[in-house]
Amino acid sequence: MAAQAVDGTVAGGGPARDQAALHRRPGGQGPVRRFIGRHWYAWALTAPVVIVTLVLVGYPLVRGVYLSLTDATEANVGRTIGMNVIPSTYEFVGLKNYTAALADPEFLATLGWTVLWTAVCVTLHYGLGLGLAILLNRPLRFRSFYRVLLVLPWAVPAFVSAFIWRYIFSAKYGVLNAMLNAAGLPAVAWLDDPAVAKISVIVVNVWLGVPFMMLAVLGGLQAIPGELYEAASMDGATPWQRFRYITLPGLRPVASTVVLLGTIWTFNQFAVIFLVTGGGPGTSTQILVTNAYRLAFTGIRDYAGSATWGLLILLILSAMTVIYRRALRRTGEAW
Amino acid sequence: MRRVISAVAAAAALALAVSACGSDDSPKSAAPATSAAPADVTGTVTWWDTSDATNEGPAFKELIADFEAKYPKIKVSYVNVPFGEAQNKFQTAAQAGSGAPDVIRAEVGWVAQFASLGYLAPLDGTPAVDNADDFLPGPASAGKYDGKTYAVPQVTDTLGLLYNKELLAKAGHNEPPKTFDELKQTALDVKSKTGVDGLTLNVDSYFLLPFIYGEGGDLLDIDSKKITVSSAQAVAGVQKVMDLISSSAAPKPTIKDSYVAAETAFKEGKTAMIFNGPWSMSDNLGGKVFKDKPDNLGVAPVPAGSVKAAGPTGGHTYAVYAGSGNLDASYLFVQYMDSAESQAKLAGKLGLLPTRASAYSLPDASGSPVVATWKSVMETAVSRPWIPEQGQLFQPLVEGYQDLVSGKESDVQKVMDGVAQKYQGLLKGWSL
C-alpha cells in the first residue's frame, strides 16, 4: 500500500521532473535512481530489519564462507592479549577443506545417520501429532486438560527434558532399568550400545517434537469446514474415505510447512544428541551439527574445519528445501 | 586431575545461567606500575575455581578471606566454574577479550595449550613465582612452556587403586593386588565369594593410562616426536582392560556417566575396587560403607603391568590471564594462594597433595592421613607430554575405548590405529 502511494505521487510529479533528473545526471544510474526514488519510503521502513538481518545473519555467513576457505585455527588467527601478540599466519587454501571433508569417511557416515535420524523423527512427529490431533479434535470430556498435558513436553526447556531422559535411561541407576529389573527382565544398555543409543535419542526427540506437530495439525483440522464432512456423510463416505479425501488434503497447507520446519529443526537438533548421549558411545550418535561443534570446541579450535561443516549443512538443507518446494509446486501447492 | 565431567554436567544449565549474568565485573583500568609495593596494590581479582563447589570450595573461600585481610585494598571475586566446562569457557572468553577471569585454576594439561595461544601471562620475575626451588619438579614442569613459566602448581595428584578392605578380606585377600594378573584374580574372588562386583572400570582416557603405562606404552614419545598410541605396548595395555571385562572380573562398564557410576558403586559397597584419585577421598568417605568406618577404605598404587606400575600425573595450577587489568593484584593473589602455608591448609582440610616440598613438613599437611596415604602412591606417577595439543589427545582415545566396550569394534589394534591416525591429524610433523 505504502509503495503504491509513493508510486502515485512520483507519477503525479509528471514527466517534466523525470526529464530534469535525467538532465542533472547525464548517463547516471537512471533506472536505479528512479527505483530508489520511487520506493525510498518502503526502503526506509524496512531498513532497520534489513540492517539487523545483515549484521546478525549476513556477516557471520560471509565470515563463515571466508573461514572455510582458509586454514584458520585458534592458534594462527592474529590477536593481542595483554603483553602477548600473536601474528596472523593463516592462509587461503581454496576448496581444500571441502574436498577433505567430503573424502572423510566420518563425514559420510555422520551424514547417513543424520538423514536417517531426520527421516525417522519427522515421520514419527507428524504421524503421532496427526493421530493425537484427530483424537483431541473430537468432543471429549476434559479435552482442554488433555491438550495442556500433551503440550507440556514442549513447554519444558529442551535441556531440562534431555537431562531427565538421561536419568531415565541411566544404565545402573535409571528408572527404566529399575522397572525392567522389577519385572524380572534384563537391563538394557539404553545409552551404551551403538544401536540402542540411536533408538533412545530418537525416542527423546519424538517425545519433544510431537506437541508442536499436534498443535499445528489441530489448528489445520479446525480450519477444515465442517460442511465438507456433513456432505460426505450424506453421500455415504466411510470414515476412512472422509479422512483420506477431506482431512488429509485439507491439512496440506499446514502439513507442508510444518514438515519442512520439522526437518530443518531435527536435522540441526543439537541439544538432544549433545546432552543425552554426547554423540556416544564412540561417535555412533554424532549428527553433523554436533560433530561440527566437536571440531570447533575441543582443544585448539579448528575454525576452518567447523565452518566447512557448517556450510555443508547449510548447502544440504538449502538443496533439500528447494527440491521440496519444487515437489510441492508440481502437485499444485500454492506456496 | 579431576574427572567429574559427568557429575557436573547436570549443573551445566545453572552454570550457563551464571556465566550469562556473571560477566566481567573487574574494571579494566591500566595496570598499575609494576614497581608498586605490595601493600599499595589495589584492584579486583576475579578467580575461576574449578574445584568441587560443595566439598572443596569452602576451604578456598577461607583462604581468600585471609588474603583479603592481608591486602585490604584488593578484592577477590570468587567464581566456581564446573571443571568440565572451564577449559572451553576460558578459551571463549580469553579469545573474545572480555569476560575472562584474572586468575584461573587450570588443569595441568591445559597450561601449554593456553600459553601457546597467548592467553597466559608469563610469570617469571613476578611475585607469583615465589621460592620456585621449593616446587616439586614434576608438577612444576607442567606450568612451563617454551622455556617460560606460565602457571604455578597448586595441587598434584595421580590415580591409585581404591579398595574396600572388608570385601577384599572376605574374598581371602588381605593385601591389595600388585599386578594386573592379581587384580583380575582378586576381582574374580570377590565376585564369587561375596557376590558383589570385584572391580568397576570407568570408561575414560585418563583412567586407561595406568594400563597403557603398565605395559610400557604411552600416547606419544616426545623426544622422537613419535605417536606411540598404537604401539604393541599400548595395545597390550588396552587388551588387559578388555580381558578384565571379557573374563567378568569387571562387569561391562557403563559408558554414559561412567565416572559417577563407578564412584557410586564403590561408595555403596556394590564394588570392591575402583581406580580414582585423591580428589575423590572426601566423596568416598561420605559414602554408605565408609562413613562410619573410614579405615575400611584402602588406597594402593595402581597395579603393575609387565613393565611397571604407573599412573598419570595430574593436578591443577594457578595461571594469570594475559589480558587482565589487574596483573599486580593477580600475582600477589597467586603468591598467597600457593604459599607453603596455604597448600598445607588445603592439604589438612581437603587432603589435596601439596606441590611444595616444604609444605609436607608443616603440621597441617603432615598430620593428614590422606596426604600420608597418597604420598607413597605419588611415587608411581609419570609425567604426561606437556604440549599444546595435550587437551585434544583424550577425545579420540575415549571414543575408541567406548567403541571397544560397547562392542562396536573388537579389534584393539585396529581401534588404536584409528586413534593414531586422528593424532596425526592433530600433531603436524609427528611420525607414526
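1. Start with helix α13 of chain A. This helix is mostly covered, with 7 of its 10 residues buried. The buried residues are A:Leu288, A:Val289, A:Thr290, A:Asn291, A:Ala292, A:Arg294 and A:Ala296. Note that the model is a predicted one.

2. What covers the buried residues of α13(A)? Part of the cover comes from chain A: α5 (105-136), α11 (239-267), α12 and α14 (303-330) are included. Chain B takes part too, through α17 (390-406). Just after α13(A) comes A:Gly299, and its phi is positive, at about 60°.

3. Next, the loop between α12 and α13 of chain A. A:Ser284 lies in this loop. A:Ser284 counts as buried because its relative accessible area is 5%, and buried means under 20%. Its side chain reaches the backbone oxygen of A:Pro281 at 2.7 Å. Leaving out residues up to four places away in sequence, A:Ser284 touches A:Trp113, A:Pro194, A:Lys198 and A:Gly279. A:Ser284 also touches B:Lys408, a residue of chain B.

4. Now the interface of the two chains as a whole. Contacts join 36 residues of chain A to 42 residues of chain B. The area buried between chain A and chain B is about 3000 Å². Carbon and sulfur atoms give 52% of that area. Three residues stand out on the chain A side: A:Ile81, A:Tyr173 and A:Ile300. Together they supply 18% of the area that chain A buries against chain B, more than any other three residues.

5. How many salt bridges cross the interface of chain A and chain B? The rule finds 2. In one salt bridge, the side chain of B:Asp257 meets that of A:Arg166, at 2.8 Å from N to O. Polar contacts are also counted between the chains: 20 residue pairs, with both residues at pLDDT 80 or more.

6. Which elements of chain A build the side that touches chain B? Strands β1 (79-81) and β2 (84-86) each supply at least two residues. So do helices α7 (158-169), α12 (270-277) and α13 (288-297). Helix α7(A) gives the most, with 4 residues. By class, this side of chain A has 17 nonpolar, 10 polar and 9 charged residues.

7. Chain B has an internal boundary as well. The chain is divided into domain 1 (5-13 + 37-158 + 314-382) and domain 2 (160-310 + 389-426). Domain 1 takes 17 residues into the contact, and domain 2 takes 21 residues. The centres of the two domains, taken over C-alpha atoms, are 28 Å apart.

8. The contact between the domains of chain B buries about 1600 Å². Of this, 68% is on carbon and sulfur atoms. Salt bridges between the two domains number 0. Polar contact is counted for 1 residue pair, both residues at pLDDT 80 or more.

9. Which helices feed the side of domain 1 of chain B that touches domain 2 of chain B? Helices α1 (5-9) and α16 (369-378) of chain B each supply at least two residues. Helix α16(B) gives the most to this side, with 4 residues. By class, the side has 6 nonpolar, 9 polar and 2 charged residues.

10. Two single residues are worth a look. The first is A:Ser200, found in helix α9 (residues 194-222) of chain A. Is A:Ser200 buried or exposed? A:Ser200 is buried, since its relative accessible area is 1%. Apart from neighbours within four places in sequence, A:Ser200 is in contact with A:Phe169, A:Trp190 and A:Leu191.

11. The second is B:Lys144, placed in strand β4 (residues 144-145) of chain B. B:Lys144 counts as partly exposed because its relative accessibility is 43%, and partly exposed covers the range between under 20% and over 50%. B:Lys144 and B:Val111 are 33 residues apart in sequence. In space, these two residues are 7.9 Å apart, C-alpha to C-alpha.

Methods: Residues are numbered from 1 along each chain as its sequence is written. Chains are lettered from A and ligands numbered from 1 in the order in which they are written. This is a predicted model: local features need pLDDT of at least 70, side-chain atom pairs count only at pLDDT 80 or more; totals for chains, interfaces and linings use all residues. Side-chain values use heavy atoms; hydrogens and water are left out. Domain bounds come from an automatic or database domain assignment. Contact means heavy atoms within 4.5 Å. Buried area is the accessible area (1.4 Å probe) that two parts lose on being put together, summed over both. A salt bridge is a side-chain nitrogen of Lys or Arg within 4 Å of a carboxyl oxygen of Asp or Glu. A polar contact is a pair of N or O atoms within 3.5 Å; within protein, one must be able to donate a hydrogen and the other to accept it, and residues adjacent in sequence count only if both atoms are side-chain atoms. Ala, Val, Leu, Ile, Met, Phe, Trp, Tyr, Cys and Pro count as nonpolar, Asp, Glu, Lys and Arg as charged, and the others, Gly among them, as polar. Buried means under 20% relative accessible area, exposed over 50%, partly exposed in between (1.4 Å probe, protein chains only).
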